[in-house]
Amino acid sequence: MIWRMIDMFKMLPIKDKELFLRYAIPCGEVLVNRGELKGELLNRLNESIKNKQEIDIDIEDVFKVASRMCSLLAKKMGKKEIDAEVIRRYFLLEHEKAIRWRKQIKPDIRLEDCLVYPGKILRIDPDKVLVKTKTGEKFFRNDFTEGMKKNDWVSVHYGYIAERLKENHVNRMLKRRKYG
Amino acid sequence: MCIALKGKVLEVKGKEALVDFDGVKRKVNSEFFKVRKRDKVLVFNNIVIERI
C-alpha cells in the first residue's frame, strides 16, 4: 500500500560508533537473552571496542531502538548525523525518561541496571572495577576502561563502565534525586 | 534497557494512537509511522518506532 511507504522516520547515520556502542553494548546481553541478537555478534562488537578495530557491522540495525531514539533527538537538535553530543544527550539525560516510561507500563526491568548514572572509580582490578555510585559501591566490568584511573568520574550502564565523564555532565546527572 | 514494547493499535486520531500493551492502554505519538487500527507496533518513550 502506497500510504505505508511514506513513513516519516528517516534514520540518520551514527558518526561516533564507538561512543554509541559503549552505551548500547551493555543492553546487548538482554537482547541476546531475548533471542533478538546473536551472542557471537555481540562478542564481535565488544572486541571491536576493546581492540579499537573498525566497526563493520550495521549497528543501527542491531541496536534499533537506541539508534532510532538518537536519530529523533539529532533531528530535534538540527543535526544531520548522530554525533557525540547527541549520543551523550540521549544516554546521559533523555534515556532515563524513556526507561521510566517503559517501567511504568511493563515492570520487567530493574531501574538500577537500566539507567545510566555517574560513579567514581575507587579501585581497578584486573577483571573488574569498584565504583562508588548513589546506590552504593559496586563492581563493574572493566571491558571499556582503558586509560581510566582511581577517582575518575564515569558513567555506568548495566554492569559496564561506558566512559569517563566531564564535570558538567556529572553535575547535571547528580542533580537527579534517585537512580533506583 | 532500550527495548521497545509491543502493542496493538486500538484507535488512531491524527498523530496520536491509542495502543494496548497487554492490557495497559496508552496514547502514543504516531507521527513518524502511519498506523491503522489493529496494527501491531513497537513503541518506546511514547513514540511508535516501527510497525511489526
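**Exercise 1. Into which domains is chain A divided?**

Solution.
Step 1. Note the status of the coordinates: this is a predicted model.
Step 2. Read the bounds. Domain 1 of chain A covers 8-105, and domain 2 of chain A covers 112-174.
Step 3. Take the separation. The C-alpha centres of domain 1 of chain A and domain 2 of chain A are 19 Å apart.
Step 4. Count the contact. Domain 1 of chain A gives 16 residues, and domain 2 of chain A gives 15 residues.
Step 5. Find the elements on the domain 1 side. Helix H1 (17-33), helix H2 (39-50) and helix H5 (84-105) of chain A each give two or more residues to the side that touches domain 2 of chain A. H5(A) has the largest share, seven residues.
Step 6. Sort that side of domain 1 of chain A by class. Ten residues are nonpolar, two are polar and four are charged.

**Exercise 2. Describe helix H5(A): its span, its bend and its buried residues.**

Solution.
Step 1. Compare span with expectation. The 22 residues of H5(A) reach 30 Å from first C-alpha to last, close to the 32 Å expected at 1.5 Å a residue.
Step 2. Look for a bend. H5(A) bends by about 55° at A:Glu94.
Step 3. List buried positions. Among them are A:Val86, A:Ile87, A:Tyr90, A:Phe91, A:His95, A:Ala98 and A:Arg102.
Step 4. Recall the helix repeat. With 3.6 residues a turn, residues three or four places apart point the same way.

**Exercise 3. Work out the pairing and the turns of two hairpins in chain B.**

Solution.
Step 1. Start with strand S2 (residues 16-21) and strand S3 (residues 24-29) of chain B. They pair in the antiparallel sense over six bridges. B:Ala17 stands opposite B:Val28 in S3(B).
Step 2. Inspect that turn. Two residues lie between S2(B) and S3(B), and B:Asp22 takes a positive phi near 45°.
Step 3. Move to S4(B) and S5(B). Their pairing is antiparallel, over four bridges. Here B:Phe44 stands opposite B:Ile47 in S5(B).
Step 4. Inspect the second turn. Two residues separate S4(B) from S5(B), and B:Asn45 in the turn has a positive phi of about 50°.

**Exercise 4. Is A:Asn151 buried or exposed? Is B:Asn45 buried or exposed?**

Solution.
Step 1. Locate the residues. A:Asn151 lies in the loop between strand S3 (136-141) and strand S4 (153-157) of chain A. B:Asn45 lies in the loop between strand S4 (40-44) and strand S5 (47-51) of chain B.
Step 2. Check the backbone. Phi of A:Asn151 is near 75°, a positive value in a residue other than glycine. Phi of B:Asn45 is near 50°, also positive.
Step 3. Apply the cut-offs: 20 or more other C-beta atoms within 10 Å for buried, 12 or fewer for exposed.
Step 4. Conclude. A:Asn151 is exposed because 9 other C-beta atoms lie within 10 Å. B:Asn45 is buried because 21 other C-beta atoms lie within 10 Å.

**Exercise 5. Characterise the surroundings of B:Val19, then the contact of chain B with chain A.**

Solution.
Step 1. Place the residue: B:Val19 is in strand S2 of chain B.
Step 2. Judge burial. With 27 other C-beta atoms within 10 Å, B:Val19 is buried.
Step 3. List partners beyond four places in sequence. They include B:Val9, B:Leu10, B:Lys25, B:Val28, B:Val41 and B:Val43.
Step 4. Take one distance. B:Val19 and B:Val41 are 22 residues apart along the chain, and their C-alpha atoms are separated by 8.4 Å.
Step 5. Turn to the interface. Here 16 residues of chain B are in contact with 21 residues of chain A. The chain B side has eleven nonpolar, two polar and three charged residues.

Definitions and conventions. Residues are numbered from 1 along each chain as its sequence is written. Chains are lettered from A and ligands numbered from 1 in the order in which they are written. This is a predicted model: local features need pLDDT of at least 70, side-chain atom pairs count only at pLDDT 80 or more; totals for chains, interfaces and linings use all residues. Two strands pair if DSSP finds at least two bridges between them. Two residues are in contact if their C-beta atoms, placed from the backbone, lie within 7 Å. Ala, Val, Leu, Ile, Met, Phe, Trp, Tyr, Cys and Pro count as nonpolar, Asp, Glu, Lys and Arg as charged, and the others, Gly among them, as polar. Domain bounds come from an automatic or database domain assignment. The expected span of a helix is 1.5 Å times one less than its number of residues. The bend at a residue is the angle between axes fitted to the seven residues ending there and the seven starting there.
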